[in-house]
Amino acid sequence: MRGLLRSLWDEPRPPRPPSRPRRDLALAGVLAAAAVAEAVLRPDLPWRIPTLLLTVGLIALLPLRRTRPLAVVAATFGLSGLATAVLGGQSAPLYTTVCFLLLPYALFRWGSGREIAAGSAVMLANAAVPVLSGAPADTLGGAAVLFSAAALGAAVRYRAGAREREFERARLLERERIARDLHDTVAHHVSAMAVRAQAGLAVARTRPGAAVDALEVIEAEAARALTEMRALVRVLRRDEDGPAARVPHPRVGDLRALAGDSGGPAVEVEVDDGLDDLPPEVAAAVHRLAREAVANARRHARNATRVRVRVTADDTTVRLRVSDDGDPASRGSTGYGLIGMAERAELLGGTCRAAPGPGRGWTVAADLPRAGAAA
């Protein structure tokens, strides 16, 4: 049970919340107009002007419900509950405020585990205000309505996550099949080249022309193998933010785009000048290691507010440092992600290590030879 609660508490935000500014602004405008019309047409509405101003102000926050769910929930339910408590239950909300049921839905659909816990506490406190103002019968009904909207958001979130996992499983299975095809293709062509090379060696002294013919066949087989292998590898390669065809050769300078990513701790990127001439394999390794380290920090660094990426180099070595300011709790160093990062660095003759930082957080440090792997 404790493990389940911990996993819910550490649940990250779902990636890529939809951005629909025009639709959200149009919705807010329509709801604000409806609130004004209702305030004008309802003769029984107490505190007409303050109620209308508060409602319209809170409606203006609706477009932020996906990207800032906790802030919008805290402002909306906190201010409305405070108004009800201050006025001693004399305020009657506008019927237009039914739109605020979008907020518990958005909180459970797009918020992190900690945001959901904090927002739920705010909503429960708001639902309990009628008890303090002498209307306890409204508490149960209000809590049930809020719970229904929140449950719908949680159900949609679970369904979207399950669907994404199914898609990922299908992609992995397809990539496994492509990898087998790649192995079969390379093995076929390499075998043909080996046979031709043996035949050429056997007749090289007595029939030089046959040896030349064998070399021509070997060259053709090698070119065909490279062409087919590149086509298959192009399908296998997949960047985190989209197809690899968009960025066929990652560069160190492309890491600056990490600073613009939304969600999670802020990312600061510092890259020394003069690194555009790195060999493609070194630039790709630095790029992949940095992105993996930033993703790990966002996923596992508790209470982190900043992730710093620093890339420096001298005449022989390229150095990558990725550090965060999260809690100093151990995050372990035997995960598959860290193992893969270390293997990628070792393929180039470098090193990659991860350990707690000197003060707080976690630091990933990689040193790679500037010239790439030795031939």
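## Exercises on a predicted model

E270 has a relative accessible area of 29% and is therefore partly exposed (buried means under 20%, exposed over 50%, partly exposed in between, with a 1.4 Å probe and protein chains only). The model is predicted, so local features need pLDDT of at least 70 and side-chain atom pairs count only at pLDDT 80 or more, while totals for chains, interfaces and linings use all residues. Residues are numbered from 1 along each chain as its sequence is written, and side-chain values use heavy atoms, with hydrogens and water left out.

**Exercise 1. Determine which residue meets E270 in a salt bridge, and where the two residues lie.**

Solution. Step 1: apply the criterion, namely a side-chain nitrogen of Lys or Arg within 4 Å of a carboxyl oxygen of Asp or Glu. The side chain of R308 satisfies it with E270, at 2.7 Å from N to O.

Step 2: locate the partners. E270 belongs to strand 3 and R308 to strand 4, so the salt bridge ties together parts that are 38 residues apart in sequence. Strands (E, at least two residues) and helices (H or I, at least four) are DSSP runs, numbered from the N terminus.

Step 3: classify R308. Its relative accessible area is 32%, so R308 is partly exposed.

**Exercise 2. Describe the salt bridge between R306 and E268.**

Solution. Step 1: state the distance. The closest N and O atoms of R306 and E268 are 3.8 Å apart.

Step 2: place the pair. R306 lies in strand 4 and E268 in strand 3 (residues 266–271), so this pair ties together parts that are 38 residues apart in sequence.

Step 3: assess the exposure. R306 counts as partly exposed because its relative accessibility is 32%; E268, at 37%, also counts as partly exposed.

**Exercise 3. State how many salt bridges the whole structure holds, and examine the one between R321 and D367.**

Solution. Step 1: give the total. A search of the whole structure finds 15 salt bridges.

Step 2: examine the pair. The side chains of R321 and D367 meet at 3.2 Å, N to O. This salt bridge links distant parts of the chain, with R321 in strand 5 (residues 317–324) and D367 in strand 7 (residues 362–369), 46 residues apart.

Step 3: classify R321. With a relative accessible area of 27%, R321 is partly exposed.

Step 4: look for shared partners. E270, D272, R308 and R310 are joined into one network by salt bridges that share partners.

**Exercise 4. Decide whether R16 and N303 are buried, partly exposed or exposed, and describe their phi angles.**

Solution. Step 1: consider R16. This residue sits in the loop between helix 1 (2–9) and helix 2 (21–41). Its phi is near 55°, a positive value in a residue other than glycine. R16 counts as exposed because its relative accessibility is 64%.

Step 2: consider N303. The loop between helix 9 (280–300) and strand 4 (306–313) contains N303. Although N303 is not a glycine, it has a positive phi of about 60°. A relative accessible area of 46% makes N303 partly exposed.

**Exercise 5. Report how many disulfides the structure holds, and classify C99 and C352 as buried or exposed.**

Solution. Step 1: search for pairs of cysteine sulfur atoms within 2.5 Å, the criterion for a disulfide. The structure holds 0 disulfides.

Step 2: compare the accessibilities. C99 is buried because its relative accessibility is 8%, and C352 is buried at 16%.
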